[in-house]
Amino acid sequence: MADAQTNAAPTTRRGTFVSLEGIDGCGKSTQVALLADRLEAAGHEVVRLREPGGTAISEKIRKILLDPANGAMADECELLLYEASRAQLVREVIAPALARGAVVVCDRYLDSTYAYQAGGRGLDAALVTRCNELGSCGVVPDRTLVLDLCCEDALARATAGGADRLEQEGMRFQERVRAAYLRLAKAEPERVRVVDAVGTVEDVAARVDAALRGVVATPLGRGDAGAAHE
Ligand code: TYD
């Protein structure tokens with residue numbers, strides 16, 4: 001992925017990068033927090049992040065993106081703002097963390113852009129993939145978990161406390177996003193794993209750990225490749 005034609009982040013990658021994905025309301029943020037706690041308990045330095053956000057600049061971009069008053073935002077503007085937020089996060093936080101050997105746990109990353117801006121909005125998938133290469137500076141997760149839940153249940157959860165600009169898009173939008181995630185998992189089966197998000201928080205946490213086996217050691221699922229990227 002990182003080659004002379006992209007703006008690859010210049011880093012020796014000793015850490016591990018895990019991202020969690022899914023439609024709004026799939027329970028992802030709860031699982032990110034629990035996973036980060038377990039990894040810390042297992043002795044890792046853990047850097048917890050959420051996208052969009054995670055740096056002062058990226059948090060400002062997040063406010064613009066999620067503001068319900070910005071209903072007039074063009075799809076291309078939205079795409080580029082997500083990428084802008086991401087590039088800052090990679091340069092400022094993710095690449096340095098991976099270089100020093102930390103485990104980075106990110107609540108959404110470049111697959112969200114594929115799922116929402118290509119799948120949901122209908123922007124050209126090849127174009128979005130190219131933009132993702134720029135926004136990620138070529139830094140791709142070692143493993144990505146898609147927490148999968150039917151759209152009715154997820155949307156009910158997501159909008160219980162009021163809907164943000166993206167959540168106002170409704171059911172059909174979420175269905176396109178979900179389908180795009182499932183396509184990604186088929187296209188990249190080694191990196192992208194689907195985790196059933198139905199059940200108790202503990203059930204899903206156990207599935208999360210199982211899906212990380214071989215990538216990073218957690219208390220529930222012993223991994224064996226904790227520092228494998230030179
Ligand atoms: P957030 O409140 O963080 O939602 P969640 O808890 O579901 O992650 O809002 C992030 C919203 O931004 C969410 O609706 C997904 C959307 N999004 C994109 O459309 N493209 C992207 O690249 C990213 C990172 C997020």
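Two residues are in contact if their C-beta atoms, placed from the backbone, lie within 7 Å. Keep that in mind for the whole tour. What you have open is a predicted model, where local features need pLDDT of at least 70 and side-chain atom pairs count only at pLDDT 80 or more, while totals for chains, interfaces and linings use all residues. Residue numbers start from 1 along each chain as its sequence is written.

**The whole chain**

Switch on the cartoon view. You should find eight helices and five strands; helices (H or I, at least four residues) and strands (E, at least two) are DSSP runs, numbered from the N terminus. Walking from the N terminus, the order is β-α-β-α-α-β-α-α-β-α-α-β-α. Of the 230 residues, 46% are buried, which means that 20 or more other C-beta atoms lie within 10 Å of the residue's own (12 or fewer is exposed, in between is partly exposed). Among contacts between residues at least 6 apart in sequence, 77% join residues at least 24 apart.

**The core**

Now select Val18, Val103, Val104, Val105, Val146, Leu147 and Val195. They have the most contacts inside the largest nonpolar core, a set of 61 residues. Here a nonpolar core is a set of buried Ala, Val, Leu, Ile, Met, Phe, Trp, Tyr and Cys residues joined through C-beta atoms within 7 Å. Helix 3 gives this core its largest share, seven residues.

Zoom in on Val195. Not counting residues up to four places away in sequence, Val195 touches Leu145, Val146, Leu147, Asp148, Val204, Arg207, Val208 and Ala211.

**Helix 8**

Follow that trail to helix 8, residues 201-211, and colour its buried residues: Val204, Ala205, Arg207, Val208 and Asp209. They pack against helix 1 (28-41), strand 4 (143-148) and strand 5 (192-196).

Pick out Val204, which is in helix 8. It's buried because 23 other C-beta atoms lie within 10 Å. Leaving aside neighbours within four places in sequence, Val204 is in contact with Gly27, Gln31, Val195, Ala197 and Gly199. Try the distance tool on the C-alpha atoms of Val204 and Lys28: they are separated by 9.9 Å, though the two residues are 176 apart along the chain.

**Helices 3 and 4**

Next, show helix 3 (residues 75-99) and helix 4 (residues 110-120). They pack at about 175°, with axes 11 Å apart; axes are lines fitted to C-alpha atoms, for helices over the stretch in contact, and angles run from 0 to 180 degrees between N-to-C directions. So helix 3 is roughly antiparallel to helix 4. Angles under 35 degrees count as roughly parallel, over 145 as roughly antiparallel, 65 to 115 as roughly perpendicular and the rest as oblique. Show side chains where they meet: Asp75, Glu78, Leu79, Tyr82 and Arg86 from helix 3, with Leu110, Thr113 and Gln117 from helix 4.

**Helix 5**

Helix 3 and helix 4 are also among what covers the buried residues of helix 5. Select those: Val128, Cys131, Asn132, Glu133 and Gly135, in a helix spanning residues 125-135. Just after helix 5, stop at Cys137, with its positive phi of about 55°.

**Helices 6 and 7**

Last stop: helix 6 (residues 151-158) and helix 7 (residues 171-187). How far apart are their axes? They are 10 Å apart, and the packing angle is about 120°, so helix 6 and helix 7 are oblique to each other. To see the contact, select Cys151, Ala154 and Leu155 in helix 6, which meet Met171, Gln174, Glu175 and Arg178 in helix 7.
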